[in-house]
Amino acid sequence: MNRSIFYIFLFLWCLCPTFSHAISWNKTYQDYFERYKDVAISQMQQYGIPASITLAQGVLESGAGQSELARKSNNHFGIKCNGWTGRKVYHDDDARGECFRAYDDPLDSYVDHSLFLRNSQRYSRLFKLKKKDYKGWAKGLKSCGYATSPTYAHRLIEIIELYGLDRYDKDGGGTGFTLTPFKSSSGVSQRGTLHPINEFNDNNFVIAKQGDTFRSIGADVGVDYRRLAKFNERDKDAVLEEGEYIWLKKKRRRAPKEYKGFVYRVQAGESMYSISQRFGIRLKNLYKMNDLTPDYIIQVGDPLRLR
């Protein structure tokens with residue numbers, strides 16, 4: 001081969017991410033996705049982060065759960081301390097002995113990843129993208145500084161496309177987000193023909209569609225509409241907004257244990273009620289745990305304890 005051509009080829013091979021970081025399908029990655037896809041879908045429904053992005057970041061940052069940080073600290077997203085008050089570990093990364101967050105369970109890492117992105121002003125513009133725009137999310141994460149690698153966005157996109165992870169961004173990948181069966185007050189197992197039943201905070205919820213009422217949802221899932229309204233702290237004849245969470249059992253007093261120590265920052269357009277619905281927490285308990293009175297008007301950026 002002509003020497004000049006050889007050096008040109010070598011230069012392009014080093015420069016182009018397609019050459020230098022090409023990946024091929026492997027069972028370890030596929031097993032990882034099978035294990036965590038329901039968690040990623042649940043987080044997408046809760047926070048609006050594409051499940052494909054969460055899974056691709058998780059597998060890349062954790063080496064499919066095999067990295068030292070993932071094995072010893074359950075940290076699947078390489079999130080550093082940055083004000084973290086929980087358990088910490090020290091690990092060499094961009095510098096020696098950097099501080100990383102440690103979790104009791106990988107699920108905690110997935111929840112924290114969602115909160116880390118959602119509550120940071122740095123990543124706020126990403127939430128204006130559509131959930132199906134995984135390419136925009138991948139490029140946005142890189143431009144916002146999530147990782148220092150110049151090929152980070154390309155690698156996320158390559159993983160998503162090779163494994164078809166974007167199917168999980170489309171209406172929950174056909175899973176309906178149903179993690180466990182729900183039994184109505186009559187004891188009959190229901191799944192809802194129009195409203196797939198989801199699970200969170202040791203409870204079940206559906207997502208309201210345009211024009212829904214407690215009557216229409218109750219008829220679909222087999223729960224008396226008056227009880228349904230009571231569970232959700234609303235009038236039984238209320239017209240619901242599209243996208244609202246409607247809980248099928250009485251809401252809990254606090255968020256799951258994974259939220260211990262987390263501080264939620266109020267987003268634009270939210271109210272104490274909408275936050276209580278989002279996390280399945282009784283409204284009076286949300287006020288109480290934050291030492292607030294019902295007449296308090298929350299402001300964007302206000303810190304809230306969820307547990």
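**Note on one helix pair and two pockets**

1. In this predicted model, helix α7 touches helix α8 through Tyr134, Lys135, Ala138, Lys139, Leu141 and Lys142, which meet Tyr152, Ala153, Leu156, Ile157, Ile160 and Glu161 of α8. Sorted by class, this contact between α7 and α8 holds eight nonpolar and four charged residues, with no polar ones.

2. As for the geometry of this pair, α7 spans residues 134–143 and α8 spans residues 152–163; their axes come within 8 Å and cross at roughly 150 degrees. Angles over 145 degrees count as roughly antiparallel, so α7 is roughly antiparallel to α8. The crossing of α7 past α8 is right-handed.

3. The largest pocket encloses about 1,100 Å³ of space. It is lined by 40 residues, and those closest to its centre are Gln45, Ile207, Gly243, Glu244 and Tyr245. Two or more lining residues come from each of α3 (27–47), β6 (203–207) and α11 (272–279). The lining of the largest pocket comprises 14 nonpolar, 13 polar and 13 charged residues.

4. The second largest pocket has a volume of about 720 Å³. Its lining has 26 residues, with Trp84, Arg101, Asp112, Gly261 and Phe262 closest to the centre. At least two lining residues each come from α6 (106–118) and β8 (263–265).

5. Which element gives the most to the lining of the second largest pocket? That is α6, with four residues. By class, the lining of the second largest pocket has eleven charged, eight nonpolar and seven polar residues.

Methods
Residues are numbered from 1 along each chain as its sequence is written. This is a predicted model: local features need pLDDT of at least 70, side-chain atom pairs count only at pLDDT 80 or more; totals for chains, interfaces and linings use all residues. Side-chain values use heavy atoms; hydrogens and water are left out. Axes are lines fitted to C-alpha atoms, for helices over the stretch in contact, and angles run from 0 to 180 degrees between N-to-C directions. Angles under 35 degrees count as roughly parallel, over 145 as roughly antiparallel, 65 to 115 as roughly perpendicular and the rest as oblique. A crossing is left-handed if the near helix is turned anticlockwise from the far one by less than a right angle, and right-handed if clockwise. Contact means heavy atoms within 4.5 Å. Ala, Val, Leu, Ile, Met, Phe, Trp, Tyr, Cys and Pro count as nonpolar, Asp, Glu, Lys and Arg as charged, and the others, Gly among them, as polar. On a 1 Å grid over the protein atoms alone, a cavity is a set of points where a 1.4 Å probe fits but cannot get out, and a pocket is an open set with protein on both sides within 12 Å along at least five of seven lines; lining residues have an atom within 4 Å of a point. Grid points are joined across faces, edges and corners, and a volume is the space filled by probe spheres set on the points.
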